[in-house]
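Here's a walk through one model, with the cut-offs spelled out as they come up. Have the sequence and the 3D view open side by side.

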Amino acid sequence: PFSFETKDFKPRQVACYLTYTNAKTHKIILDNIKESALYSWKITGVGPRYCPSIEDKVTRFADKDRHQIFLEPEGFNTQEIYTNGFSSSLSEEIQIKALRTIEGLENVEIIRPAYAIEYDYVYQYQIKSSLETKNIDGLFLAGQINGTSGYEEAAAQGIIAGINAVQKTRKCEPLVLKRSQAYIGVLIDDLVTRGTEEPYRMFTSRAEYRLLLRQDNADARLRDFGFRLGLVSRAVYDQYRVKMSRIEALRDRLSQTVKFDAESKRQIVELGVEDTSKVSSLSDLLKRPGIKIGDLKMVGLLQSDEAREVEEQAEIAIKYEGYIKKQERQIKSFEKNEKTVIPPELDYREIPGLTNEAREKLSRYMPDSLGQASRISGVSPADISVLMVYLFSRERKAHVKANN
């Protein structure tokens, strides 16, 4: 479940099926490729990289003699099947001819044929990190219009755009999540600083700090924001605070120095740790590969009746403590530049020492901070140094003027 409030999550499952295209399928598609909107240049946009059309598959991956087709029921009470893997812009006649060459689909009927779409999107330098457009005050955008592809990406932007539209009416600061706080932060920062030449998908590999951006600690990262914004009730927030305090208490308990007696040492050996002299706490044991809180309870070293999520969070924090601290140090270093705000009225043409490309890119993107400026393609570390010195000098002059 997406929500920590959802308990006993047991959704009803529906079976999906797997079949494959074959040489006959590919021949029909290749013989009629000129009819495809994508291959007749009726559509000129770049298609999504991670779900190519069937025309793309048989041309770009000509060495493959078959491609997977997932047959997915549309719902619990319908006979409609979605043919995942067969997106196409061929004519309905060619689509049905090709589909009927596939095993299991020999007698298939099409209720709605596949089709291609081409949509417009705004350039990344036209939107702020709050998802408000720079040129039209109060207009917030989310989803495909920002250059993304996928339901999750659209939903992530939608909630931020909605929150910030309300914040705007309240005359409050917008919610801008950092790259170190949420995948939403990575997604939006990528869009507004780096842009995209093709429909953008959010992958964990795009995040520098993914050790901190885990599904198990989403509430620890974001619940405070939700409560402050009025999206989380007091009752739910209080439950969350109790959970966090229990995690901290369990961590403290596990980290306390213990003098193990003969029986405890026997139990430690039972866990596969032969040298007990280097073990001074239960945390030391948890840091060993393969040892979990459940193992400590099983051999009698730990008595705990905490909820599974409390034990899991405490265990993760202890087991990965060294790596997490290293990543937190990286974030602190990174955030120095993030905190250096760039005034929106700054004229980059006045800054001596910037390359022409940097002037052009910075004037177009109008970054909010030095950190954001450093992630713009074409802006070099040398340009960032020049910009940093200029901002410092500008601030110092303003300070002197104010005191005089």
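## Helix α11 and what covers it

The buried residues of α11 are Val310, Glu311, Gln313, Ala314, Glu315, Ile316, Ala317, Ile318 and Lys319. "Buried" here means under 20% relative accessible area, "exposed" means over 50%, and "partly exposed" is in between, using a 1.4 Å probe and protein chains only. That makes nine buried residues out of the twelve in α11, so the helix is mostly covered. Who's doing the covering? The list includes α7 (234–255), α9 (282–286), α10 (293–298) and α12 (321–338). Contact, for this purpose, means heavy atoms within 4.5 Å. Helices (H or I, at least four residues) and strands (E, at least two) are DSSP runs, numbered from the N terminus.

The length of α11 checks out too. The expected span of a helix is 1.5 Å times one less than its number of residues. For the twelve residues of α11 (308–319) that gives 16 Å, and the end C-alpha atoms are 16 Å apart, which agrees.

## Ground rules

This is a predicted model: local features need pLDDT of at least 70 and side-chain atom pairs count only at pLDDT 80 or more, while totals for chains, interfaces and linings use all residues. Residues are numbered from 1 along each chain as its sequence is written, and side-chain values use heavy atoms, with hydrogens and water left out.

## The three-stranded sheet

Now for the strands. Strands of a sheet pair through backbone hydrogen bonds, either parallel or antiparallel. In this model, an open sheet of three strands runs in the order β1-β2-β3, with antiparallel pairing. The edge strands, each pairing on one side only, are β1 (17–20) and β3 (81–84). From one strand to the next, the twist averages 30 degrees; axes are lines fitted to C-alpha atoms (for helices, over the stretch in contact), and angles run from 0 to 180 degrees between N-to-C directions.

Two strands count as paired if DSSP finds at least two bridges between them. β1 and β2 are joined by four bridges, and four bridges also join β2 (residues 68–73) to β3. Which residue stands opposite Leu18? That's Phe70 in β2. Phe70 also has a bridge partner in β3, namely Asn84. Pro73, meanwhile, stands opposite Ile81 in β3.

## Salt bridges

How many salt bridges does the structure hold? There are 33, where a salt bridge is a side-chain nitrogen of Lys or Arg within 4 Å of a carboxyl oxygen of Asp or Glu. One of them pairs Glu335 with Lys178, at 3.3 Å from N to O. Glu335 sits in helix α12 and Lys178 in the loop between α4 (151–169) and α5 (183–193), so this pair ties together parts that are 157 residues apart in sequence. Glu335 is buried at 13% relative accessible area, whereas Lys178 is partly exposed at 38%. Helix α12 also supplies Glu321, and its partner Lys287 lies in the loop between α9 and α10, 34 residues apart. Those side chains meet at 3.1 Å, N to O. Both ends are partly exposed, Glu321 at 23% and Lys287 at 43%.

For a pair within one helix, look at Glu360 and Arg364, whose closest N and O atoms are 3.1 Å apart. Both are in helix α13 (residues 356–365), four residues apart, or about one turn of the helix. Glu360 is partly exposed at 45%, and Arg364 is partly exposed at 33%. Elsewhere, salt bridges that share partners join Arg179, Asp189, Asp190, Arg194, Glu208, Glu338 and Arg375 into one network.

## Cysteines

What about disulfides? With a disulfide defined as a pair of cysteine sulfur atoms within 2.5 Å, the count comes to zero. Cys16 is in no disulfide, as the nearest cysteine sulfur, in Cys51, is 17 Å away. From the other side, the closest cysteine sulfur to that of Cys51 is the one in Cys16, and 17 Å is too far for a bond.

Are these two residues buried or partly exposed? Cys16 is partly exposed, with a relative accessible area of 46%, and Cys51 is partly exposed at 42%.
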